[in-house]
Amino acid sequence: MKQKLTLTVDPEVVVAAKRYARSRGVSLSALIERRLREEMIVGEPSFASRWRGRFRPADRDDPRYEALARKYL
């Protein structure tokens with residue numbers, strides 16, 4: 001038996017997702033369910049978990065840091 005699930009998604013994403021599902025001839029629910037199943041089967045770690053702990057804090061004495069800080073901070 002299927003179970004109802006409530007998701008919170010930006011309105012423009014909902015519109016685009018419905019259009020995408022319709023273009024493939026499936027319901028939005030079926031599309032989301034299929035993608036969730038694929039994600040569980042693959043079981044690949046997320047980008048964040050793959051890179052967690054691999055970055056060092058910025059060296060603030062590095063001239064490249066100073067240039068980037070002036071440009072972006």
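## L7 and the segment ahead of helix 1

Let's start with L7, which sits in the segment before helix 1 (11–23). Keep in mind that this is a predicted model. L7 turns up in two places worth a look: the nonpolar surface patch and the lining of the largest pocket.

## Helix 1 and what follows

Helix 1 has 13 residues, and at 1.5 Å a residue they should span 18 Å. The C-alpha atoms at its two ends are 19 Å apart, so the helix agrees with that expectation.

After helix 1 comes G25, a residue with a positive phi, near 75 degrees.

## The nonpolar patch

Seen from the outside, L5, L7, V9, V13, I32, L36 and M40 together make a nonpolar surface patch of about 660 Å². Helix 2 (residues 28–42) chips in the largest share of that patch, with three residues.

## The largest pocket

How much space does the largest pocket hold? About 580 Å³. Its lining has 18 residues, and the ones nearest the centre are L5, L7, L28, S29 and I32. Helix 1 and helix 2 are the elements that each give two or more residues to this lining. Helix 2 supplies the largest share here too, at eight residues.

As for chemistry, the lining of the pocket splits into 11 nonpolar, three polar and four charged residues. Some names come up twice: L5, L7 and I32 are among the residues nearest the pocket centre, and they also belong to the nonpolar patch.

## Salt bridges

Side chains of opposite charge can pair when their charged atoms come close. With nitrogen and carboxyl oxygen required to be within 4 Å, the model has five salt bridges.

One of them joins R37 to E33, with the closest N and O atoms 2.9 Å apart. Why are R37 and E33 separated by about one helical turn? Because they lie four residues apart in helix 2. That is the helix with the largest share of the pocket lining and of the nonpolar patch.

Conventions. Residues numbered from 1 in each chain as written. Predicted model: local features only at pLDDT ≥ 70, side-chain atom pairs only at ≥ 80, totals over all residues. Heavy atoms only, no water. Patch = residues over 30% accessible without salt bridge, like charges linked within 9 Å, V, L, I, M, F, W, Y side chains within 5 Å. Areas by Shrake-Rupley, 256 points an atom, 1.4 Å probe, with all protein chains shown as cover. Salt bridge = Lys/Arg side-chain N within 4 Å of Asp/Glu carboxyl O. Expected span 1.5 Å × (residues − 1). 1 Å grid on protein atoms, 1.4 Å probe; cavity = no way out; pocket = protein on both sides within 12 Å on 5 of 7 lines; lining within 4 Å. Points joined across faces, edges and corners; volume = space filled by probe spheres on them. Nonpolar A, V, L, I, M, F, W, Y, C, P; charged D, E, K, R; others polar.
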